[in-house]
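Notebook open, coffee poured. I am going through this one place by place and writing down what I look up.

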Amino acid sequence: MLVVMRVGATPKEIKTTVSAIRRMGLKPNVIPGALRVAIGITGNRGAIARERLEVLPGVAELVPVTKPYKLVSRETKPEDTVVTVGGRHSAVGSRPSKRPSSRKPKAESPKPAVFGANGFAVIAGPCAVESLKGALVVAKAVKAAGACAFRGGAYKPRTSPYSFQGLGRKGLDILRAVREETGLPVVTEAVDPESLEQVARHADMIQIGARNMQNYSLLRLAGQSRRPVLLKRGFSATFEEFLMAAEYILSEGNYQVVLCERGVRTFADYTRSTMDISLVPAVRKISHLPIIADPSHAAGRRDMVPALSRAALAAGAHGLILEVHPEPDRALSDGAQSLTLEGFAELMGSLRRIAAAMGAGPMPNDEG
Ligand code: PEP
Ligand code: MN
C-alpha cells in the first residue's frame with residue numbers, strides 16, 4: 001500500500017502519518033517526490049486498515065501496490081530516481097589517504113557521476129586494480145574520453161580459487177589515490193560483509209556482483225550503508241528476482257541504487273553471456289531506478305563490446321560500465337573482453353554521435 005500525501009503536506013502531517021503506520025505494526029518508507037511525498041507501507045501480511053490512514057490530515061489517497069516489488073516500482077514512485085555518485089557526497093572516502101606511492105598527488109576537484117537523468121553516464125576501468133601506475137594510466141585516459149567514474153575490482157569473486165583474487169585493502173588505497181588525482185568517483189565490488197564495510201568506507205559506490213545478487217544478507221547490509229549501490233543482475237535471475245534483490249536494498253532505506261544488465265546464461269555460446277537488451281525498456285517501464293548495461297561481461301570478447309554498447313544506449317540505458325586495460329593481453333583478469341585505451345576513446349565518439357541523434361543529454365565529461 002502507498003500513502004500519497006497532498007501537495008504541500010506539512011512535515012508535521014507527514015510525521016503523524018509515519019507514526020500512525022508504525023503504531024499499526026507496519027514499516028513506513030518515506031519517498032520524497034518532485035511534487036509530493038509518498039509513504040510506502042511494507043511489512044503487512046494481510047489487508048491494511050485503510051480507514052485509519054485515510055482520515056489523517058495531509059493524506060491525499062491510498063493506492064494499492066499490485067506488484068510483489070513495492071519500493072522499486074513506479075507505482076510507488078512515478079518519477080525517475082537520479083543517483084549521484086561521488087563529489088561532495090563522498091565525505092568518508094575523500095579524506096587525504098596514505099598514498100601507496102611517494103609521488104605528489106595532483107589533486108583534481110571531485111565531480112559527481114549522475115545516473116538516471118537525461119544524460120548517459122559511463123563507468124570505465126580495468127576488471128581488477130593491478131597497480132597504482134596502471135590504474136592511473138587507465139583513469140586519465142577514460143576521463144579524457146568522457147567517462148564519469150572509474151571502476152576496478154579490489155575484491156574479485158573469481159570462478160577459480162587459483163585465479164587472481166584482487167589486491168584487497170591495498171586495491172582500495174589505489175582507488176582512493178585515483179580519485180584524488182583524477183577527481184573521478186570510484187566504483188568497486190564488495191563480496192562479503194567485511195569487504196562491504198571497507199568498500200563503503202573508501203569507495204564512492206558499492207558494486208554487488210552477479211554472483212551475489214541473491215545474497216540477501218549482503219543486500220541488506222548494502223541497504224544500511226549510505227553509499228550508492230550498483231546492483232548487477234544474476235546470471236539466471238528473472239526480471240522479478242532482479243527487482244526483488246533491489247527491493248532488499250531499498251527496504252533498508254537506501255534508495256540510491258543503479259541496476260545493471262550484464263548478460264544472462266542462454267544456449268548462445270559464441271558470447272560469454274547473452275545481453276538481455278529487452279531488460280532495459282522493461283526496467284524503465286516498471287521501475288524508477290536507473291538501469292545501465294555491462295557489455296564487457298555480457299560479450300566476454302572485445303570485438304563485440306562496441307556494438308552492444310551502442311545497442312544499450314539506443315535501447316534507453318542510462319549508462320554503461322566497461323572494462324578497459326592499457327594492455328589487455330597482460331591483464332590479470334578479463335583481458336579478452338577489455339577494450340584498449342584507443343578502442344574506448346573510439347567507442348565514446350560513436351556513442352556521443354548516437355546520443356546527439358537521440359536528443360539525449362550530454363555525456364558527463366562533455367560539460368567541461
Ligand atoms: C566485474 O564487474 O568485474 C564482475 C565480476 O562482474 P559480474 O558480477 O557481472 O560478473
Ligand atoms: Mn571483470
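**Entry 1: a serine in a loop.** I began with Ser-333, which is buried, its relative accessible area being 4%. Buried here means under 20% relative accessible area, exposed means over 50%, and partly exposed is in between (1.4 Å probe, protein chains only). Ser-333 sits in the loop between β14 and α11. Helices (H or I, at least four residues) and strands (E, at least two) are DSSP runs, numbered from the N terminus. I also looked up a long pairing: Ser-333 and Glu-61 are 53 Å apart, C-alpha to C-alpha, with their positions 272 residues apart in sequence.

**Entry 2: ground rules.** A reminder to myself that this is a predicted model, where local features need pLDDT of at least 70 and side-chain atom pairs count only at pLDDT 80 or more, while totals for chains, interfaces and linings use all residues. Residues are numbered from 1 along each chain as its sequence is written, chains are lettered from A and ligands numbered from 1 in the order in which they are written, and side-chain values use heavy atoms, with hydrogens and water left out.

**Entry 3: the metal.** Which residues coordinate the manganese ion (ligand 2)? I found Cys-127 (SG), His-297 (NE2), Glu-323 (OE) and Asp-334 (OD), at 2.0 to 2.4 Å. Donors are N, O and S atoms within 2.8 Å of the metal (3.2 Å for Na, K and Ca), and sites may look incomplete because water is not among the atoms. The donor spacing in sequence reads C-x169-H-x25-E-x10-D. Glu-323 belongs to strand β14 (residues 319-323), whereas Asp-334 is 11 residues away in the loop between β14 and α11 (341-358). I noted both Glu-323 and Asp-334 as buried. Asp-334 also has a positive phi, near 55°, and is not a glycine. For context, most residues other than glycine have a negative phi.

**Entry 4: ligand 1.** Next I listed what surrounds ligand 1: Cys-127, Arg-151, Lys-156, Glu-189, Gln-207, Gly-209, Ala-210, Arg-211, Lys-232, Arg-262, His-297 and Glu-323. A residue makes this list if one of its heavy atoms lies within 4 Å of the molecule. By class, I count two nonpolar, three polar and seven charged residues in the shell. Ala, Val, Leu, Ile, Met, Phe, Trp, Tyr, Cys and Pro count as nonpolar, Asp, Glu, Lys and Arg as charged, and the others, Gly among them, as polar.

Then I checked distances to oxygen atoms of ligand 1. A polar side-chain atom of Arg-262 is 2.6 Å from one, for Arg-151 the distance is 2.8 Å, and for Lys-156 it is 2.9 Å. Taken alone, ligand 1 exposes 300 Å², and the protein buries 97% of that. Those areas come from the Shrake-Rupley method with a 1.4 Å probe.

**Entry 5: other stops.** Ala-147 lies in the loop between α3 and β8 (149-151). Is Ala-147 buried or exposed? Ala-147 counts as buried, because its relative accessibility is 0%. Glu-130, in the loop between β7 (121-125) and α3 (132-145), is partly exposed at 25% relative accessible area. Ala-360, in the segment after α11, is also partly exposed, with a relative accessible area of 25%.

**Entry 6: domains.** Last lookup: the assignment, automatic or from a database, gives domain 1 (2-63) and domain 2 (83-358). Their centres, taken over C-alpha atoms, are 35 Å apart.

Notes. Polar contact = N/O pair within 3.5 Å; in protein donor to acceptor, adjacent residues only side chain to side chain.
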